[in-house]
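Work through the exercises below with the coordinates open. Each task is followed by a solution in steps.

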Amino acid sequence: MTKLSNTVDDPAAWAPIHRIAGQLDKMLPALFFPDYDVRLEEARRRLRPLDDDSQN
C-alpha cells in the first residue's frame with residue numbers, strides 16, 4: 001500500500017479502496033476451490049458482450 005499511497009493522495013478515495021480490498025480478500029479463497037475453472041468460465045460468459053444476433 002505504500003506505493004499506492006504515493007499515487008492516491010486524496011483521503012476521500014481511501015474508503016472505497018479499502019472496501020474493494022476487503023471484498024477481494026473475501027473472494028481470494030475461491031481461487032483454490034476445485035470448481036474454480038467452472039466459476040471462472042461462468043463469470044467470463046456473464047461479462048462478454050452479447051452477439052448482435054442474440055439481441056433480435
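**Exercise 1: Surface and burial**

Task: state how much area the protein chain exposes and what share of it carbon and sulfur atoms supply.

Solution. The exposed area of the protein chain is about 5,400 Å², and 58% of it comes from carbon and sulfur atoms. For burial, the chain has 56 residues, of which 5% are buried. These values rest on a predicted model.

**Exercise 2: Confidence and fold**

Task: find where confidence is lowest and where it is highest in the protein chain, and list the order of the elements.

Solution. Begin with the average: the mean pLDDT of the protein chain is 81, with 88% of the residues at 70 or above. Next, go by element. Helix α1 (residues 2-7) has the lowest confidence, with a mean of 71, while helix α3 (residues 36-47) has the highest, at 92. Finally, count the elements: there are three helices and zero strands, and from the N terminus the order is α-α-α.

**Exercise 3: Helix α2**

Task: check the end-to-end distance of α2 against the span expected at 1.5 Å a residue, then find which side chain reaches the backbone nitrogen of A12.

Solution. The expected span is 1.5 Å times one less than the number of residues. With 17 residues, α2 should therefore span 24 Å. The C-alpha atoms at its two ends lie 25 Å apart, which agrees with that value. At the start of α2, the side chain in question belongs to D10: one of its oxygens comes within 3.0 Å of the backbone nitrogen of A12.

**Exercise 4: A nonpolar patch**

Task: name the residues of the nonpolar surface patch and classify I20 as buried or exposed.

Solution. The patch is made by I20, L24 and M27 and covers about 320 Å². I20 is located in helix α2 (residues 11-27). The cut-off for an exposed residue is over 50% relative accessible area. I20 has 53%, so I20 is exposed.

**Exercise 5: Salt bridges**

Task: how many salt bridges are there, and how accessible is R39?

Solution. The criterion is a side-chain nitrogen of Lys or Arg within 4 Å of a carboxyl oxygen of Asp or Glu. Two salt bridges result. One of them joins R39 to D35, with the closest N and O atoms 3.0 Å apart. R39 is partly exposed at 39% relative accessibility, and D35 is partly exposed at 33%. Another links the side chains of E41 and R48, at 3.2 Å from N to O. Here E41 is partly exposed at 30%, and R48 is partly exposed at 44%.

Key: Residues numbered from 1 in each chain as written. Predicted model: local features only at pLDDT ≥ 70, side-chain atom pairs only at ≥ 80, totals over all residues. Heavy atoms only, no water. pLDDT = per-residue confidence, 0-100. Helix = DSSP H or I, 4+ residues; strand = E, 2+ residues; numbered from the N terminus. Patch = residues over 30% accessible without salt bridge, like charges linked within 9 Å, V, L, I, M, F, W, Y side chains within 5 Å. Areas by Shrake-Rupley, 256 points an atom, 1.4 Å probe, with all protein chains shown as cover. Buried < 20%, exposed > 50% of the residue type's maximum accessible area, 1.4 Å probe, protein only. Polar contact = N/O pair within 3.5 Å; in protein donor to acceptor, adjacent residues only side chain to side chain.
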